[in-house]
Amino acid sequence: MTIWLKSVIIASVASTLTYASLRDLRNREIPEITWLPSLAIVVILNVLHGNYDVIHTALSLLPAALLFAMAIFNMIGGADFLAVLLIGLAHPLFDVLPISLLALLYSLFIPLALMAYYVILNSVKYRKQILRIRCIRGRRFYLYFLGRPVSIVEFLNSKFMYPLTIPSGTGGFICRPSFSIDEAEEAVKAEIMEFIDRGVIRRNDLIWVTPAMPHVAFLLIGYVLALITPQDLILQVFKLMT
């Protein structure tokens, strides 16, 4: 692959991921058309230069296939899948690990660090409050590493936050590990306000919430790190592990 070709592909992917990241940070919504120009560019250039072979391309697209399956079950947004698909199609050739896989692994560092923070926070500071939660559906175990407590008032004034503990109206809570990507933020808050009006909960009560994270922005960071990570270094790490 020539330097010119590689530069055009990287510029196309990086610019698309940057624009998508800004949209993700601003309102967590990225139109599907955002990805089409860059997808067309990288596919055409790689086809013209014969860069697609069955084995390497299949391995490069494996992370995207995994995210596609997760998106079908509403576990992640479609933009995450499209971002990794773009990276996989842009860089089908590799020596040790696909660029798409490296980018995805790097992008998980921030969410995993946040989960570690939640475990420490909930285990040390809010353990008693968690133990007092009565989950009529779901398990409170999720709460330890997937969210943090905030007051109802703080939740109502927040952006991109979704409750993991939802009042059931019978004195208990529906405890869930995540939220559906189809949920409307304002609709969730309206439901919580209804519970306040009915006296089921009070404004100063605590509920556990989890953020709708801008994962496309994390994938942009992961993509840059994947590009500058020497494949030889990865090979040396594997040799040390075996």
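Okay, quick definition before anything else: when I say two elements are in contact, I mean heavy atoms within 4.5 Å. And keep in mind that this is a predicted model.

Let's start with helix α11, residues 215–228. On its buried list we have His-215, Val-216, Ala-217, Phe-218, Leu-219, Leu-220, Gly-222, Tyr-223 and Ala-226. So what do the buried residues of α11 pack against? Four helices: α1 (3–27), α4 (78–90), α5 (99–107) and α6. As for its length, α11 has 14 residues and spans 20 Å from first C-alpha to last, close to the 20 Å you'd expect at 1.5 Å a residue.

Now, two of those partners turn up again. Take α5: helix α3, residues 54–72, packs on it at about 45 degrees, with the axes 6 Å apart. Angles from 35 up to 65 degrees fall in the oblique class, which makes α3 oblique to α5. On the α3 side the contact comes from Ser-60, Pro-63 and Leu-67, and on the α5 side from Ser-100, Leu-101 and Leu-104. Sorted by type, that's four nonpolar, two polar and no charged.

The other one is α6, residues 109–124, which lies across β2 and β6 and runs at about 70 degrees to β2. That takes us to the sheet. It's an open one with three strands, ordered β2-β6-β3, and the pairing is antiparallel. At the edges sit β2 (148–151) and β3 (161–163), each pairing on one side only. Neighbouring strands are turned 55 degrees against each other on average, ignoring direction. Between β3 and β6, residues 206–211, there are three bridges, and you'll find Tyr-162 opposite Thr-210 of β6.

Notes
Residues are numbered from 1 along each chain as its sequence is written. This is a predicted model: local features need pLDDT of at least 70, side-chain atom pairs count only at pLDDT 80 or more; totals for chains, interfaces and linings use all residues. Side-chain values use heavy atoms; hydrogens and water are left out. Two strands pair if DSSP finds at least two bridges between them. Helices (H or I, at least four residues) and strands (E, at least two) are DSSP runs, numbered from the N terminus. Axes are lines fitted to C-alpha atoms, for helices over the stretch in contact, and angles run from 0 to 180 degrees between N-to-C directions. The expected span of a helix is 1.5 Å times one less than its number of residues. Buried means under 20% relative accessible area, exposed over 50%, partly exposed in between (1.4 Å probe, protein chains only). Angles under 35 degrees count as roughly parallel, over 145 as roughly antiparallel, 65 to 115 as roughly perpendicular and the rest as oblique. Ala, Val, Leu, Ile, Met, Phe, Trp, Tyr, Cys and Pro count as nonpolar, Asp, Glu, Lys and Arg as charged, and the others, Gly among them, as polar.
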